[in-house]
Amino acid sequence: MDWLDALILGIVQGLTEYLPVSSSGHLEIMHQILGLETSGAQSLQFDIILHVATVLSTIVVLWHEFSGLCRSFFTFRNDDNTRTVLKILLSCVPVGIVGLLFKDYVDDFFGGQLNIVGTCLCITALLLAFAYFFRTRPVWSTHKGVVSGEAGRDISWFDAFVIGCAQAVAVLPGLSRSGSTIATGILLGDKRDRLASFSFLMVIIPILGEALLSIVGAITGSKSFDSGVGIVPCVVGFLASFVFGCLACKWMINIVRKGGLVWFAIYCAIIGVVCLLWSAAH
């Protein structure tokens, strides 16, 4: 992998981590187009570097909210910010279980298969379309009473766990994490302006946790943390992912507020079908 390949992959990761089109699926597609290795430790570790960059872009874009959450949580305040942090921690339980027990299996079994990516992109398209057409009323809610249309309600403890389950399922390449979590929240009747930031903050712990496990594995000798692509490509990929992640994060928050997910549903459906046709032809 040279610096240009790393630049392209960084841009793709930065944009698709927040847009509901699946960053893992698009990285698989770009690996195929660029003729790069799509599985193995080197590819996975480089992808982790790109994901860490997008986590930093989340913190930068949502710094005001993120810093407020940290202040309340670490000073043990009994306020809404502390409860939000606890809900985020609750939402990370399902993906933590999947990550610890099944992540390597998922990477080895599903990695590099465009037919899997295409199928999951089509599922993402259906989920986004369903959420768009039922956005004015919840499909599944434990709360009594009528949700006030577009306004919605605050994210409950139950909602946080269900959204977390959606994030856990989205470890499959092609199944959008942001698309799954945001669409699930919309179907539950939650406020869209809170959903986007909640969804983006949710991913911080799992990605940093995965990076930490890789570092621990390198220290203990159970894993090699050498990405195998050189320092320059790693830096270029990291910076590209960070910059375009910042842009996409801001853009996606506005899109969710305006309810424009249907266009991404169409995009995912088209790319998914193309992947399936390409896989069948090869």
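A residue counts as buried when its relative accessible area is under 20%, as exposed when that area is over 50%, and as partly exposed in between. The exercises below apply this definition to a predicted model.

**Exercise 1. Determine whether Gly-152 is buried or exposed, and locate it in the chain.**

Solution. Step one is to find the position: Gly-152 belongs to the loop that joins helix 6 (114-133) to helix 7 (157-169). Step two is to compare its accessibility with the cut-off: Gly-152 has a relative accessibility of 13%, so it counts as buried. Step three is to look across the sequence: the C-alpha atoms of Gly-152 and Leu-188 are 9.0 Å apart in space, while the two residues are 36 apart in sequence.

**Exercise 2. Describe the overall make-up of the protein chain and state how much of the chain is buried.**

Solution. Begin with the elements: the protein chain contains 12 helices and zero strands. Its pattern along the sequence therefore reads α-α-α-α-α-α-α-α-α-α-α-α. Next, consider burial: of the 282 residues, 50% are buried. Then turn to contacts: among those with a separation of 6 or more, 78% are between residues 24 or more positions apart. Finally, consider confidence: the mean pLDDT is 83, and 83% of the residues reach 70 or more. In residues 144-150 the pLDDT is below 50, and this stretch has nine contacts in the model beyond near neighbours in sequence. Where pLDDT is low, the predicted coordinates should not be read in detail.

**Exercise 3. State how many aromatic pairs are counted, and classify the pair of Tyr-18 and Phe-200.**

Solution. The count comes to four aromatic pairs. For Tyr-18 and Phe-200, the ring centres are 4.9 Å apart and the planes are at 85 degrees. Planes over 60 degrees apart count as edge-to-face, so this pair receives that label. The partners come from distant parts of the chain, 182 residues apart: Tyr-18 is in the loop between helix 1 (3-16) and helix 2 (23-34), and Phe-200 is in helix 9 (residues 192-202). As to their surroundings, Tyr-18 is buried at a relative accessible area of 1%, and Phe-200 is buried at 0%.

A second pair, Trp-63 and Phe-66, is tilted, with 6.0 Å centre to centre and 40 degrees between the planes. Both of these residues lie in helix 4 (residues 63-74), three residues apart, or about one turn of the helix.

One further ring deserves attention. The charged end of Lys-87 sits over the ring of Trp-157, at 5.7 Å from the ring centre.

**Exercise 4. Identify which residues line the second largest cavity, and which helix gives the most to the lining.**

Solution. First, count the cavities: two have a volume of 30 Å³ or more. The second largest holds about 50 Å³ of space. Second, list its lining: Glu-65, Thr-84, Ile-88, Ile-155, Arg-194, Ser-197, Phe-198 and Leu-201. Third, assign the lining to helices: helix 5 (80-110) and helix 9 each supply at least two residues. Helix 9 gives the most, with four residues.

**Exercise 5. Place Pro-233 and Val-243 in the chain, and find whether each is buried, exposed or partly exposed.**

Solution. Pro-233 lies in helix 11, and Val-243 lies in helix 11 (residues 231-258). Pro-233 has a relative accessible area of 8% and is therefore buried. Val-243, at 42%, counts as partly exposed.

Now follow each residue to another part of the chain. The C-alpha atoms of Pro-233 and Ala-6 are 5.2 Å apart, although the residues are 227 apart in sequence. Leaving aside neighbours within four places in sequence, Pro-233 is in contact with Met-1, Asp-2, Trp-3, Ala-6 and Phe-46. For Val-243 and Ile-11, 232 residues apart along the chain, the C-alpha separation is 8.2 Å.

**Exercise 6. Examine the phi angles of Ser-22 and Phe-76, and determine whether each residue is buried or exposed.**

Solution. The background is this: most residues other than glycine have a negative phi. Ser-22, not a glycine, has a positive phi of about 75 degrees. Phe-76, likewise not a glycine, has a positive phi of about 60 degrees. Ser-22 is in the loop between helix 1 and helix 2, whereas Phe-76 is in the loop between helix 4 and helix 5. Applying the cut-offs, Ser-22 is buried at a relative accessible area of 2%, and Phe-76 is exposed at 74%.

Technical notes:
Residues are numbered from 1 along each chain as its sequence is written. This is a predicted model: local features need pLDDT of at least 70, side-chain atom pairs count only at pLDDT 80 or more; totals for chains, interfaces and linings use all residues. Side-chain values use heavy atoms; hydrogens and water are left out. pLDDT is the predictor's confidence in each residue, from 0 to 100. Contact means heavy atoms within 4.5 Å. Rings of Phe, Tyr and Trp (its six-membered ring) pair if their centres lie within 6.5 Å; planes under 30 degrees apart count as stacked, over 60 as edge-to-face and the rest as tilted. Buried means under 20% relative accessible area, exposed over 50%, partly exposed in between (1.4 Å probe, protein chains only). A charge sits over a ring if NZ of Lys or CZ of Arg is within 6 Å of the ring centre and within 35 degrees of the ring normal. On a 1 Å grid over the protein atoms alone, a cavity is a set of points where a 1.4 Å probe fits but cannot get out, and a pocket is an open set with protein on both sides within 12 Å along at least five of seven lines; lining residues have an atom within 4 Å of a point. Grid points are joined across faces, edges and corners, and a volume is the space filled by probe spheres set on the points.
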